[in-house]
Amino acid sequence: MKKSFFLLSALLALGVNAKNNVAVNIDASNPGAKINKNIYGQFSEHLGSCIYGGLWVGPESPIPNKDGYRLDVFNALKELQVPLMRWPGGCFADEYHWMDGIGPKENRPRMVNNNWGGVVEDNSFGTHEFLNLCELLGCDAYVSMNVGSGSVQETAQWIEYMNAADGPMATLRKQNGREKPWNVKYIGIGNEAWGCGGNMRPEYYSDIFRRYQTYCRNFDQDKPLYKIASGASDYDYEWTDVLMNRIGTQMNAVSLHYYTVLGWNGSKGSATKFDNDDYYWCLGKACAIEPVIRKHLSIMDKYDPNHNIDLLVDEWGTWFDVEPETNPGFLFQQSTMRDAFVAAMSLNIFHKYADRIQMCNIAQVVNVLQSMILTKDDKMLLTPTYFVFKMYKPHMDATYIPSSVQGSKIIPVKNERYNGTMEEPENRELSMVSVTSSKDAKGKLHISLSNADLKEEQAVTINLNGYKAKKVSGEILTAQSKNDCNTFENPDKIKSEAYAKAKIQKDGTITLDMPAMSIVTLEVE
């Protein structure tokens with residue numbers, strides 16, 4: 001494997017205890033858009049053990065549960081204040097027929113999950129189970145319709161079943177034990193229509209979307225549906241152009257899927273066994289979503305100058321090779337500090353475009369790809385990514401505050417690994433320090449900083465414009481090694497802790513020393 005992907009001469013010349021001076025500028029006098037809490041949305045597909053064994057064990061399980069919902073997972077998600085959950089897929093959505101998942105469980109037909117491992121599912125987790133879970137968690141539901149193998153009638157009846165107060169589908173819902181409609185707002189019309197959702201051309205999908213959305217009815221005029229088009233993968237700008245041109249404002253939003261995939265000779269690389277080159281290359285790939293977002297938005301602006309249509313990144317995160325001795329169709333992968341930095345840096349970028357990006361869904365919530373939680377039988381652990389989302393909770397529904405970084409080391413990253421079919425830039429630059437900030441409804445300022453440098457501590461000075469700091473507290477996430485992860489034998493190896501080393505100086509600045517490979521969130525009053 002080729003190892004010279006970027007210049008590390010500066011790093012190698014430095015000692016482990018080297019310190020770099022960085023200035024962070026926070027402009028509270030120039031607030032931006034509200035950061036929609038749905039940027040912190042989750043994704044729960046019928047894939048591996050995300051649903052069965054992750055979210056759901058059934059009421060008869062010896063694993064402690066609440067009406068079949070696994071209690072340890074449920075409580076962890078409740079603590080995370082999950083704002084929104086996407087279901088049933090993903091690729092699974094376009095083979096899922098919702099009527100198979102309602103009514104008495106003993107009468108529900110079994111099905112083969114052809115997309116993910118060929119396992120047979122009993123449909124014990126269906127519409128009621130998902131929407132009731134969202135209700136218990138206090139989060140919104142985002143339901144993807146089956147466009148690939150379904151029908152317009154099936155879609156229309158499913159929405160009626162979920163949202164109508166009266167009528168044939170409402171009567172059926174009531175017979176199945178649910179009197180009130182759930183009033184589901186977010187409706188995805190297909191998923192990855194360019195691939196597993198039907199291998200469609202954008203022109204054909206645009207016509208399909210127009211047809212399907214016509215029959216997605218509003219059963220409560222005060223709660224209209226929010227219709228989401230199956231958008232592009234990564235660098236497929238033509239897809240976005242065609243959809244914007246042919247669908248226009250018949251959609252409320254268009255999605256974008258972007259995964260941080262290494263890709264090298266048919267392998268995506270190990271989630272835990274990687275060197276420094278792999279680490280920095282991966283972070284560079286994650287941050288490279290920003291120019292992709294900008295280009296898709298510029299295309300959208302051409303057709304929608306008033307910004308009536310939102311951009312949603314409804315699948316994102318890391319994607320590595322599955323863990324050894326696990327089913328390759330289950331996409332079960334571990335999570336290290338590298339994943340934590342991908343999460344933090346991605347969220348920092350999403351905040352910058354909060355006026356246009358109104359939802360993101362990390363893939364996925366439990367046991368799949370870059371998940372919050374891993375389970376094994378009756379054991380559960382929280383991943384480093386979980387703690388990033390926990391530390392970033394104060395940014396949800398807060399006002400974005402512009403920020404900038406001066407003095408951060410910049411590493412050039414050569415793009416010599418990617419062997420896919422989409423165009424990528426030849427080289428990238430990766431800043432060791434990343435920052436985002438926001439102000440909540442109570443006037444508190446929250447500043448999240450990442451020091452991705454594996455060797456250097458960062459001496460950070462935060463300059464506050466338009467905000468006078470009187471009190472500061474914080475939380476930190478770090479580890480001994482970039483390859484560290486929580487395991488079922490040692491589930492608490494990496495977790496966030498209180499951080500009290502930030503100090504307010506006489507000149508009003510805030511200073512702190514950030515250890516190498518650390519993520520910090522400060523609360524300033």
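Asp484 and Lys493 are joined by a salt bridge in this predicted model, with 3.4 Å between the closest N and O atoms, where a salt bridge is defined as a side-chain nitrogen of Lys or Arg within 4 Å of a carboxyl oxygen of Asp or Glu. Asp484 is buried at a relative accessible area of 11%, whereas Lys493 is partly exposed at 45%; buried here means under 20% relative accessible area, exposed over 50%, and partly exposed in between, computed with a 1.4 Å probe on protein chains only.

Because the model is predicted, local features need pLDDT of at least 70 and side-chain atom pairs count only at pLDDT 80 or more, while totals for chains, interfaces and linings use all residues. Residues are numbered from 1 along each chain as its sequence is written, and side-chain values use heavy atoms, with hydrogens and water left out.

By the salt-bridge rule the count comes to 21, and the table lists some of these pairs.

| Salt bridge | Closest N to O distance | Citation |
|---|---|---|
| Asp484 and Lys493 | 3.4 Å | |
| Arg356 and Asp301 | 2.6 Å | |
| Lys174 and Glu179 | 3.8 Å | |

Arg356 and Asp301 form a salt bridge with their closest N and O atoms 2.6 Å apart. This pair links distant parts of the chain, 55 residues apart, with Arg356 in the loop between helix 10 (337-352) and strand 13 (357-363) and Asp301 in helix 9 (residues 289-303); helices (H or I, at least four residues) and strands (E, at least two) are DSSP runs numbered from the N terminus. Arg356 is buried at 3% relative accessibility, and Asp301 is partly exposed at 29%.

In the pair of Lys174 and Glu179, Lys174 is partly exposed with a relative accessible area of 31%, and Glu179 is exposed with 54%. A network of salt bridges also links Lys19, Glu457 and Asp513.

Turning to the strands, a closed barrel of 8 strands runs in the order 2-5-8-9-10-11-12-13 with parallel pairing, two strands being paired if DSSP finds at least two bridges between them. From one strand to the next the twist averages 30°, with axes fitted as lines to C-alpha atoms, for helices over the stretch in contact, and angles running from 0 to 180 degrees between N-to-C directions. Strand 11 (residues 253-261) and strand 12 (residues 310-319) pair in the parallel sense over 8 bridges, and Thr260 has Thr318 in strand 12 as its bridge partner. Helix 7 (residues 237-246) packs on the sheet and touches strand 10 (226-233) and strand 11, its direction making about 150° with that of strand 10, where contact means heavy atoms within 4.5 Å.
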